[in-house]
Amino acid sequence: MALTITCPICGKRNGYEFRFGGEEKGPRPEEEGLTPEAWCDYVHLNKCVAGVQEEWWCHKDGCGSWFKIHRDTTTNLEKEIKTVIEEAGK
Amino acid sequence: MFSKNKPMWGKKPPLKSSYDVVIIGGGLHSLATAYYLTKEYGITDIAIIEKNYIGFGGAGRNTAIVRANQRTQYNVPLYKEALDLWPVLTKDLDYNLMFNNCGNLNLMHSEAAMKAARMTIATAQFHGVESHLIDAKQAKELVPALNISEDITFPIHGAMFHPPGGVLRHDAVVWGLARAAAAKGVQIHQQTEALGIGTQNGKVASVTTSRGAINTKQVLISAGGYSAALIYDMLGIKLPISVLTIQAMVTQPLKPVLDHVVSSGAYHCYANQTLKGEIATGAHMDPWPNYTTLNTAHYIKHQAEALSEFLPCLRGVRFMRIWGGLADMTPDMAPIMDGNEQVEGFFMDCGWGYFGFKSCSAVGKYMAQFMATNQCPDMLKPFALKRYQEHRLMGETAALVNYTPDN
Amino acid sequence: MMNRLNHLPTLKIDTARKISFTYKGKIYYGVTGDTIASALFANGVRIFGRSLKYHRPRGLYSLDGECSNTCMQVNGIPNVRCENTLLEDGMVVAEQNVKGSAENDMMSFMDKLDWMMPAGFYYDVMHKPAKLWPVAMKQIRKAAGLGKISPDFKMPGKYDEIFLNTDVCIIGGGPAGMMAALSSAEKGLRVILMESRPWLGGFFEYRSAEYKDGQTLHDRANDLAAQVRARENIRLFTHTACVGTYNNNLVTGFQIGKKSDVFDQRYVEIRAKSVVVAAGCIERPLLFDNNERPGVMQIACALRMAKTYGQLPGTKAVFSIGHDLGLEAAIELHDLGLIIDCVADIREDGQDPALMQKLMDRNIPILKGWVAAKAHGRKVVKKVTLSSIDGLMTRTLACDLVVASAGVTPVTGHITVALGTLKYDGHTGCFLPDRMPEKMYAAGRVLGLNDAMAIEASGTLAGLKAAADCGAGSSEEIGKVAKIVASLPGPARGSKLVTAPVKGRKSFICFDEDATIKNIKQALAKGFDVPELIKRFTATGLGPGQGGIPGHNLPLYVAKYQTLPDVSIRPTNVRPPLVPTLISTYAGTNHTMFKITAMDQMQRKDGGIFRNIGVWQRARYFSDDFSCKKEIENVRNNVGMLDGSTLGKFRIHGPDALKALQRVYVSDMSKVKEGRIKYSAMCNDDGCVMDDGVVVKLGENDYYFTTSTGRAGQTAEWIRYHTRYDGWDFALVNLTDSMGVINLSGPNARKVLEKVVDIDVSNDAFGFSAYREFKIADTIPVRAMRLGFVGELSYELHVPASYMQSVWIMLKEAGKPFNIQNFGVEAQNVLRMEKCHIILGQESEQRTNLLDVGLGFLWDRTKSEAKTVGAVALRQAENDPARLKLVGFKMENNGRAPKDGALIVDTKVRGYVCTARDSFALNEAVGMALVEADLSRIGTRLEIFEDECGDDRIYGTVVKMPFYDPEGKRMKM
């Protein structure tokens, strides 16, 4: 395995300790005016970027936290390091 | 008969300024669609735009297994037709596609799996596709190398045996279709990159490429694993797709030892012996989206562990080559075929995951019908993009395939 | 057996120690240090095997296993590269792919039929008529393949694995690799050095040419090796082939064990901070007719046969070379006694004058601008025809050895598989590293270098750069060494010509696949113009040699003849494993991966029949009767005990614990009251039901909940995922492995329990749906729930895993008078089915939502939909008539139960049977099915299609659920 992911709490680890959690799409949509199209977009649809994308990972075999990184999907290399989960909520 | 050394898909033509149909991607689905457009509908003014060379992507990287034992009633008839078409295509293309209908054995490792297999088998039989549930002993008779003892991680309870399935020479399908399409006038532009689709009043108007712009009213994107990114880039349409690298590998060539395709869900592994004698094996995808097509140390080791258990004689065999390709996975493991919906004149054929090879013959036929008539054939209606919005996932897999925590 | 050259310092054999082995049924002898190949050669074997397609005789060529020519069956293992495999006592060696013997192969007539087999011929024939193909295919299968493996073959030997972390990993133990190791080790870093041969030294090791001041290259190699071995922070892996490099500097390889090791082969995986690739070069095959006839060898093959194994590679030789190494080898081999008739050098000029002088001193004629055009001899070389490169003049010379080599090819696979790129370099005629992967450096001959000092200095430089990536060393030092490297000779000019002036019908570009120059021309004519496509069309480079022979010849040849003006010369892809690697080696030690509960051993003693269920092993049956009649009836009539420890168990607490539960459960979790159980479900955002379980309130902002077995692993991630933007304050603890669960069920359950516990367990004090905490024997803390999954009076006892066996024994003892018995997962499955309690995954699949399975009553519609996972989708889909609904059914006319997975059909598939059984309690067959909505009304007749039923159908009728004890009196009693 070649992928490594940098967990904000545990540091750089083997990628198999982590679970991929999808492209960054922002928080859950608001209730008001929610259309089936918008909901489908939030639940299912992806941009499938061939290049650097912002995405969620969970350190499932480590501290259990969810965090975001930027990763180049054409090389599997992290690009710039993470926004910590707490900050994402604000 | 041996002197046909003229270029198989014509001289390299200059790019014209307009075509009736432009197809982006030089893989099997594109070539098959172009072939059937010429053959069934007399539409020959077609440009295939391929960034690398034909068969560069999934068409040349799959392990060429074909079968029609899918899970749902929407898929079985389509794959059945695809399977039935191989001998027909061999004849029509006058090219030996080397169809070896050796039959597929899908191993079951628990009572629950046997139950799941029973539903799939019943669905196949209901649609006239031969498929049977057999026990471990019968499986061993078919594949003497199988280890049916209890002391392996996933003991073999039985298998789903699908005699009409088998293996083809995937490159031959690419070259045969390309030759036949080119002979009818289809222009195959290799080393040409599609850069954008121009629209006017909600209709397709043009395609820009690295070699210039083309006017056209119809565009099909069927670029395998690259489709979703292209469709988003060119038209801003997002799809329920995750693109993952899937790996396959071969061992050194051996005299015949494996007469059927053997696969196992529990071991994440399939194995079959090619006509050249190599054991081709693979199956697993990286659990995160990427376009690298890189193989991983993790996976080749996993594969060796799996084969060591259920085909233990292969412990004495050497892996020779591993490679990766792309699988564009949808949450229900069923493809997206749609057209004239988001933009008039725009068609898409993607989300095939690792089923693109098995389906290409029939899909080419129906996509050609769709594009030629502008009417969606009944066979393709269930595969429209809208199903995700309507919460009608296809059920092609019992468990959800989604590269978010949803699985 | 020939006498060996005993006096050479470079020998790796010990002629005093003989080894016996069997070849083709006869006993032969080699010596310690021999490879299988060198031992056979010493015994006069020249033809080692036959080629794949044409059954041409093949022999030693590279002495490095770069083609399948010398693959043999050894101890039953096929395709063993006998040039790289050390001889061992008692080995049984046999030829491959021959009918008769390699010497006299009955299939050798195939060689005359090549005109019938142009590139890709099989695509154009054998499919007409269609009936021909299956027959032809059988013959193809038989003819293809090299070695044989028996289906019942048991691989002998021990296989191990080792996973290492290091600062610097160096691939290649030649001069550059050793210098790199030393320079980074001097910085105090941990260094791993991998070398595929059993010894260090690489390019210097077998050569007697001068290094400096009278010291030979061989002695220099030994000096460096001694320095490397003296460093404690260099971990040395000799006889370890690197097979893969990956990004983030992961390196894999396999190590061949020595006699003293506990393994025969070991998988090695190294995570390094930085990597140095010093893998050297292989030779570039010269393309001429019969260029693979036994007796044609590459330079290093001929030289190493003499210097390493003490055998002259022939008696009378002709050289056809394009590189100074050929001149050097000619001098060395001449001095060892080989008669050299002539040296043909492709180059018109540019030879090292010192070497030219030495050749003249020895009266070895040299032809500049000449090249071998054809080797003669039916089985082995007897003569060779040389030609001027313009093809205008030829000469034919008698000989039994043709040393042929066009030049060198850097081994760059380690760089390209890690996503580095190469660039064609016109000066050397090689593909040289262009963009290196991050923190990976090339050193030595990989860079095209040939000068000994330059090779070493480049190694030092790479070692320093790798050290700098680990934070050691200075940039001044790197700059200093870089200057030294720049001052030394750079890459030598290489020969660009790769082909002799012949048509190439028998000039083999790929030995493994019998692909000739003519085949390549045919492919080009057919319109294949990219090397990668030609590779596929002609199979060039796809054989067991993994592209070593055709690697650079193919793209160069194609570049020369293709018509595209704008395509730069690009090499074909190299793919791992870089060296063919045994599956047993990759597999290493066996990895067992199941979890067992605290009750595992006791249940096995009680006759439990275990099955793998998810990540667990669970007791599925307790007798050979898989209908579980006795187990089921005992629960219905007396009392049974089930190990439910695999249930997911969690505690969530903290100020925002309730908010988190509200997010993921569909019910209003604020209604969970202390002392009571709340049953609820979790959906995904598509409304599909993912999990069900119970929640209890332990205290303020403190909850305990269960999940299904299959979801235990993901639930914590799930809850954190769906609250990841909220910044809520809660702690979530997975208690699945630390708590066990005993399910005590049956009408006598209370009588058993009251004997064990001190609290009042009467229906009034501890009624249905209640939750109690107490201690058994003042010691064992128990969380007890009154549930009714199997439809009887039932207690679910959650006990710390370490106390599980104690509680189990106590209950078993107390239950004796009431005939307490184990029951397994299958009995539970039938019991709960009779109650129509669903199991997710059995009565649901990925597309089934909460409403479909009749659990809509759990959904609290007053909660914010967008803030409750799944609720939006449930509302959007709730009026969709096309959805499948879960129904109960009975079989008509007291018929048997259909098989699980049978279809509900009319002219189409309309649904399927989830679970159905012949119920002992009801004395009839019942089941649950997911069917389209219009079939879900009570009384609807269901047409059931089972596998193998042919035209026969069986029928059921939709009935009310549940089937057993519809009022639920029994579980509430």
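This note walks through a sheet, an enclosed strand and a chain contact in a predicted model.

1. **The sheet in chain C.** Start with the open sheet of 6 strands in chain C. Its order is β41-β42-β43-β40-β34-β44, and the pairing is mixed. Two strands form the edges: β41 (771–776) and β44 (820–822) of chain C. Each of these pairs on one side only. From one strand to the next, the twist averages 25°.

2. **One pairing inside that sheet.** Look next at β34 (residues 639–643) and β40 (residues 739–745) of chain C. They pair in the antiparallel sense, over 4 bridges. To find the register, pick C:G640: its bridge partner in β40(C) is C:S745.

3. **Helices across the sheet.** Which strands does helix α18 of chain C lie across? Helix α18 (residues 629–637) lies across β34, β40 and β44 of chain C. It runs at about 115° to β34(C). Helix α21 (residues 749–756) of chain C lies across β34, β40, β41, β43 (794–800) and β44 of chain C. Its angle to β40(C) is about 130°. Strands β34, β40 and β44 of chain C thus appear under α18 and under α21.

4. **An enclosed strand.** Turn to β45 (residues 884–891) of chain C. Why is this strand described as largely enclosed by the rest of the structure? The reason is that 8 of its 8 residues are buried. Both faces are covered. On one side sit C:L884, C:L886, C:G888 and C:K890. On the other sit C:K885, C:V887, C:F889 and C:M891. Note that the buried set includes the lysines C:K885 and C:K890.

5. **The partners of β45.** Strand β45(C) runs antiparallel to β48 (residues 924–932) of chain C, and 7 bridges join them. Here C:K885 has C:V931 of β48(C) as its bridge partner. Strand β45(C) also runs antiparallel to β50 (residues 954–959) of chain C, with 4 bridges. In that pairing, C:K890 stands opposite C:T957 of β50(C). Both lysines named in the previous point therefore have a place in the bridging: C:K885 towards β48(C), C:K890 towards β50(C).

6. **Where chains A and C meet.** How many residues does each chain bring to the contact? Chain A gives 27 residues and chain C gives 22. On the chain A side, β3 (19–23), α1 (36–43) and α2 (85–89) each supply at least two residues. Helix α2(A) gives the most, with 4 residues. By type, the chain A side divides into 14 nonpolar, 6 polar and 7 charged residues.

Methods: Residues numbered from 1 in each chain as written. Chains lettered and ligands numbered in written order. Predicted model: local features only at pLDDT ≥ 70, side-chain atom pairs only at ≥ 80, totals over all residues. Pairing = 2+ DSSP bridges. Axes fitted to C-alpha atoms, helices over the stretch in contact; angles between N-to-C directions. Contact = placed C-beta atoms within 7 Å. Buried ≥ 20, exposed ≤ 12 C-beta atoms within 10 Å, placed from the backbone. Nonpolar A, V, L, I, M, F, W, Y, C, P; charged D, E, K, R; others polar.
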